[in-house]
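Hello,

Here is the model I promised to pass on. Please have a look, and then read on for what I found in it.

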Amino acid sequence: MESILQYVLYLVILVALAIPLGGYIAKVMKGDKVFLSCICRPCERLIYKVLRVDEKEEMTWKKYALSTVLFSGIGLVIFFAIEMLQQILPLNPEKLPGLSWHLAFNTAASFVTNTNWQAYSGESALSYFTQATCLTVWNFVSAATGIAVLFVLIRGFVRKKADTLGSFWVDLTRTVVYILLPLSVVVTLVLVSQGVVQNLKPYETVSLVESFETEDGTEVTEQTVPMGPAASQIAIKQLGTNGGGFFGVNSAFPLENPTPLSNLFEMLSILLIPVSLCFTFGKAVKDKRQGYAIFVAMAIMLVAALGIIGYNEQQATPQLSAGGQVNLTTVDQAGGNMEGKETRFGIATSATWAAFTTAASNGSVNSMHDSYTPIGGMITMLQMQLGEVIFGGVGCGLYGMLAFAIMTVFIAGLMVGRTPEYLGKKIEPFEMKMAVLVCLATPVGILVGSGIAAVWPGVADSLNNPGAHGFAEMLYAYSSAGGNNGSAFAGFNANTPFLNVTIGLVMLFVRFLPMLATIAIAGSLAKKKTVATSAGTLSTCNGMFVFLLIFIVLLIGALSFLPALALGPIAEFFQMIG
Amino acid sequence: MKSYGKEVFLKSLGILIAFIIICGFIYTFAMTGISQLLFHDKANGSIIEVDGKKYGCELLAQEFTDDGHMWGRVMNINTETFTDENGSPAMYSGPSNLSPAGEEMEALVQERVKKLKESNPDQAGKVPVDLVTASGSGLDPEISPAAAEYQIPRIAEATGKSEEEIRDIVDKYTEGRFLGIFGEPRVNVLKVNLALDGIL
């Protein structure tokens, strides 16, 4: 009973916070005055002044696209260089060496694309300098880039006979200064108050109450307590749907997420901005119902996923019951499948996080997905394979979903024999081609990547579990990269040259192809005039449209991934009950 | 590349450097400063220090196997990740990442159940699932009230303390749900053991 209350309240609080934030973001996008303007506006103007950015500049879609790509490209190079050189850079009290070239490439690609796949383990591989100047910075700016591209798409729908779509520099700066930084400051302070570390000290050692001997007879009397500026990075990693942990085991680590209260903030932060942007969208296109329709379609899929994961984890597996000798009930304990889950989170809070983090392309975890039941784990994987459009990453989730909406009106238009339109703009072959690129990039990235990996010699050595579950570990890795998610079936050892490079390439492909296609759609839509709604116009804010949209998303996902899932989690499920 | 290529390149570089300064340095250092001021102990790892000796971190598990101590979640100890300042290995731990539907897990659970039943002969009940599973971090410092209660007769017998006395200690270090709703009730194993040893 307590669990159901938790599930319901998590969703209710989330939506209650997202509605006002959605309105706030719509104002920031237009440059209107907001309640934080008195602090943020001077900072914003200072940045423009120093960098000689013209606030009034308007870019064509091509210039906007070039700006996003060059910005990320330069970032990738600097990121890579800092990782390789961290040994000679300051703020490295543990004297950690530079990374291998392939791990450095993978990590840079991962953060620049807002994926935050962790082939590295933060506490044993990255200096505080790298964490702050690379990981933290890209947590902010990759999120802001996604939101900026969404703004461009919205402007494409709103503007009439226009050649320009706004300025990338202004969108990026406003998003960081007005939205991401203020929210991060609040979340950081709550996290530190709960026990998340925030310092620049070397790691601490403390004595063990019971010492023990290693196999070669050395007595171990101490334990390491890792330190660092963690809370400030964790706040933005949650808010920006980034997800790359300061520590290796991410938000399952007690110093990264110590209490149910810290968890509440971290978990709501995962979906806060993606949900808000649905309402921002409705407000910006001056028809709130359009935003609600997209929100409802996403919410229905999220609730379904959450229900299935929660149910399966609470049921546990026959293997865990040891023939009825293990107590799996909920009396004085969370019960269920506790392998890979923390006591303070139990089943309800772990399952909710798993559903949120794979719906949004966040990818942080507070429990180990590798140890989920076959069906619970499959749902987390499927949410990524659907293209990260169930709320998805900040900005990119919604522009991905709008591409599916374009496909939906196109298919519906074909059925009734009318020229399709969406939000008053005619959808023609160019928009349709670009929308297909957005929607199919993820399936292509995942299937090609995992297909090659499945036959590549040596990849099997990276698997932690045998059989169907081992295959699922590999499929999960490429699904995570292909959805720019970043979570893992973490038993899989991804730190090999082949895996680092291929996973890095998949991440870059699925980030930038849809992004460029989206900006191209926006450029083309902005040039068009608006068509008047008539009796024959397909409504895009009623139940029928919501149903069709969900249907199209599931159809593409199911057609692409059913064979692969049958070999992995579905096969494991039948072995489990058999 | 178009005529605006150079301009875009320079602006990209400039704005990235600006954000490295703002988000990388100013934000990180300001948050560190404020945290150190407002939440000094929490920001520095919640170390339990009594009379100058550091007995552990209240948020990170240690492994307990003595009958007179409370046992925690299953740990996958490793001593390779970290060393102390003298170069001797220090304890760390991680998750198992095993499938809960696999044969390996099945065998491990059987083995753990057997060991727990042997060590707790006065307990007729089923073994709470917390005690036979590894956590998400491998360093989960807590167990459920059911898992704590299961061990009380054994600890009482080994320490000579009464079950009531031990139950009082357990209650003292048990935390409920946040606002009575969020998360799960749990017992901090290290604090219970330090109290059993008379340190806390």
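In which crossing, left-handed or right-handed, does α4(A) pass α17(A)? The crossing is left-handed, a term used if the near helix is turned anticlockwise from the far one by less than a right angle.

A word on conventions. This is a predicted model, in which local features need pLDDT of at least 70 and side-chain atom pairs count only at pLDDT 80 or more, while totals for chains, interfaces and linings use all residues. Residues are numbered from 1 along each chain as its sequence is written, with chains lettered from A and ligands numbered from 1 in the order in which they are written.

Back to the helices (DSSP runs of H or I, at least four residues). In chain A, α4 (residues 101-112) packs against α17 (residues 497-527) at an angle of about 20°, and their axes are 9 Å apart. Axes here are lines fitted to C-alpha atoms over the stretch in contact, with angles running from 0 to 180 degrees between N-to-C directions. The two helices are therefore roughly parallel (angles under 35 degrees). Among the contacting residues (C-beta atoms, placed from the backbone, within 7 Å) are Phe105(A) of α4(A) and Met507(A) of α17(A).

The chains also meet: 96 residues of chain B and 104 residues of chain A take part in the contact. On the chain B side, helix α1 (residues 5-38) gives the largest share, 21 residues.

Finally, strands (E, at least two residues) pair across the chains: β3 (residues 326-327) of chain A and β5 (residues 127-128) of chain B run in the parallel sense over 2 bridges (pairing needs at least two DSSP bridges). There, Asn327(A) has Pro128(B) as its bridge partner.

Best wishes

Definitions and conventions: Parallel < 35°, antiparallel > 145°, perpendicular 65-115°, else oblique. Contact = placed C-beta atoms within 7 Å.
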